[in-house]
Amino acid sequence: MRRDWLKFLALLAPVLTGCLSHTRSLQKPRLAGAVLNSDAVQLVEAVNRRYDAVNSLTATVDFAASVGGAHTGQQTDYTSIHGFIIFRKPEMLRVIGQVPVIRTTAFNLASNGSTFTLTIPSKSRAIQGSTSVTTKAANPLENMRPQVFTDAIVIRGIAADRIVTLTTSSTTTLEARTKQLIETPLYDLTVLNPGRLDPAPGLPQVDKATRVIHFSRIDLMPTGQDVYNSEGAPETKVSYGPYHDFSGVSFPSTITIDRPLEEYRITLTVEKVIVNLPLPDEQFEQTIPKGYKVQKMP
């Protein structure tokens, strides 16, 4: 045993003394700016203030979509199209996409918050159904529901009965022009549903995370949001690009919506935003033209 132990030490000695090591230089990331501090309550109040300040929103955008990923082994990118998004609290939505160049309607989605109607004029086709997916379609984009947009374009307020926790992290990106690594410290605000009021004796109370909101600690603005389903899987992952001033309204210049379970992505490039215009119910209603084939989605 003693001899074996001495042999082990002899093999380990070069490692401990550094004889078999090699040190190489790595680029040190540069902080994106001065780091600001906050706490969970202040961040919740900021989210609620921003949400309460918007009763309606109209946006001119470009849509870019891609379908596929690691699970399917391929990815299909679609040509970017121009369009509009109209939103009114709590969940009224209208999304219109236009055919490139000729600018006729490519698709028209209208929702009252519980049901939706989607028309595709080029195919004389209409799809109607509830705003939640119960049976998945083979085409991932046909699983798209209004809530995908309403969860992304405005971060919903956080109710007083929710439970929140705050942790820190960071993200590192490579600046394209200078090839410099830029580190952005983050706050991660997790929103949980209250657990059972009568947990089993001797066992902890279990809470369910519904979403995580990410904030840059450089300006304390949201950089993204992860929305979880009832099983705890990430249902929607939203990333917000740099904020721009749109006629006095600070709004992301890009919004990227990832649906990892269904493997599709939609990127919105924002050109114009107007908030709090009066939007009547008629803006969110759509009549299906005669002769359209109507498909009912469960």
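This text walks through a predicted model, starting from strand β4 and moving outward to its partners, the core and the charged pairs.

Strand β4 covers residues 81–88, and 6 of its 8 residues are buried. The strand has a partner in β2, residues 56–69, to which 8 bridges join it in an antiparallel arrangement. One point of register is given by Ala59, which stands opposite Ile85 of β4. A further partner is β5, residues 92–98, which runs antiparallel to β4 and is joined to it by 7 bridges. Here the register can be read from Gly83, whose bridge partner in β5 is Gly97. Between β4 and β5 there are 3 residues, and the two strands form a hairpin. In a regular strand, side chains point alternately to one face of the sheet and the other.

Ile85 leads from the strand into the core. The largest nonpolar core has 46 residues, and Ile85, Phe149 and Ile255 are the ones that touch the most other members. Setting aside residues up to four places away in sequence, the contacts of Ile85 include Leu57, Thr58, Ala59, Val61 and Phe63. Leu93, Arg94 and Val95 are also among the residues that Ile85 touches, as are Phe149, Ile153 and Leu268.

Val95 offers a view from the other arm of the hairpin, since the residue is found in strand β5. Is Val95 buried or exposed? Its relative accessible area is 1%, so Val95 is buried, the limit for that class being under 20%. Val95 and Ile85 are 10 residues apart along the chain, and their C-alpha atoms are separated by 4.6 Å. Leaving aside neighbours within four places in sequence, Val95 is in contact with Phe63, Phe84, Ile85 and Phe149, and also with Phe107, Asn108 and Leu109.

Two of these contacts of Val95, Phe63 and Phe107, come up again in the aromatic pairs. A search of the whole structure finds 1 aromatic pair. Phe63 and Phe107 form this pair, which is edge-to-face, with 5.8 Å from centre to centre and 65° between the planes. Phe63 lies in β2 and Phe107 in β6, residues 105–111, so the pair ties together parts of the chain that are 44 residues apart in sequence. Phe63 has a relative accessibility of 6% and therefore counts as buried. An aromatic ring also takes part in another arrangement: the charged end of Lys89 sits over the ring of Tyr51, 3.8 Å from the centre of that ring.

Asn108, another contact of Val95, lies in strand β6. With a relative accessible area of 12%, Asn108 is buried. Its C-alpha is 5.2 Å from that of Thr119, a residue 11 places away in sequence. Not counting residues up to four places away, Asn108 touches Arg94, Val95 and Ile96, then Thr117, Leu118 and Thr119, and also Gln286.

Back in strand β2, Ser66 is another buried residue, with a relative accessibility of 12%. Apart from residues up to four places away in sequence, Ser66 touches Gln75, Thr76, Asp77 and Tyr78, together with Glu263, Tyr264 and Arg265. Arg265 has a charged partner of its own: it forms a salt bridge with Asp258, in which the closest N and O atoms are 2.8 Å apart. Arg265 counts as partly exposed because its relative accessibility is 39%.

Side chains of opposite charge can pair when their charged atoms come close. How many salt bridges does the structure have? The count comes to 7 salt bridges. One of them joins Arg156 to Glu91, with 3.4 Å between the closest N and O atoms. This pair links distant parts of the chain, 65 residues apart: Arg156 is in the loop between α3 (146–153) and β9 (163–174), and Glu91 is in the loop between β4 and β5. Arg156, at 22% relative accessibility, counts as partly exposed. Glu91 counts as partly exposed too, at 29%. The side chain of Arg156 also meets that of Asp151 in a salt bridge, at 3.3 Å from N to O. Asp151 is buried, with a relative accessible area of 11%. Glu91, Asp151 and Arg156 are thus linked in a network of salt bridges.

Conventions:
Residues numbered from 1 in each chain as written. Predicted model: local features only at pLDDT ≥ 70, side-chain atom pairs only at ≥ 80, totals over all residues. Heavy atoms only, no water. Buried < 20%, exposed > 50% of the residue type's maximum accessible area, 1.4 Å probe, protein only. Helix = DSSP H or I, 4+ residues; strand = E, 2+ residues; numbered from the N terminus. Pairing = 2+ DSSP bridges. Core = buried A, V, L, I, M, F, W, Y, C linked by side-chain atoms within 4.5 Å. Contact = heavy atoms within 4.5 Å. Phe/Tyr/Trp six-rings, centres within 6.5 Å; stacked < 30°, edge-to-face > 60°. Lys NZ or Arg CZ within 6 Å of the ring centre and 35° of its normal. Salt bridge = Lys/Arg side-chain N within 4 Å of Asp/Glu carboxyl O.
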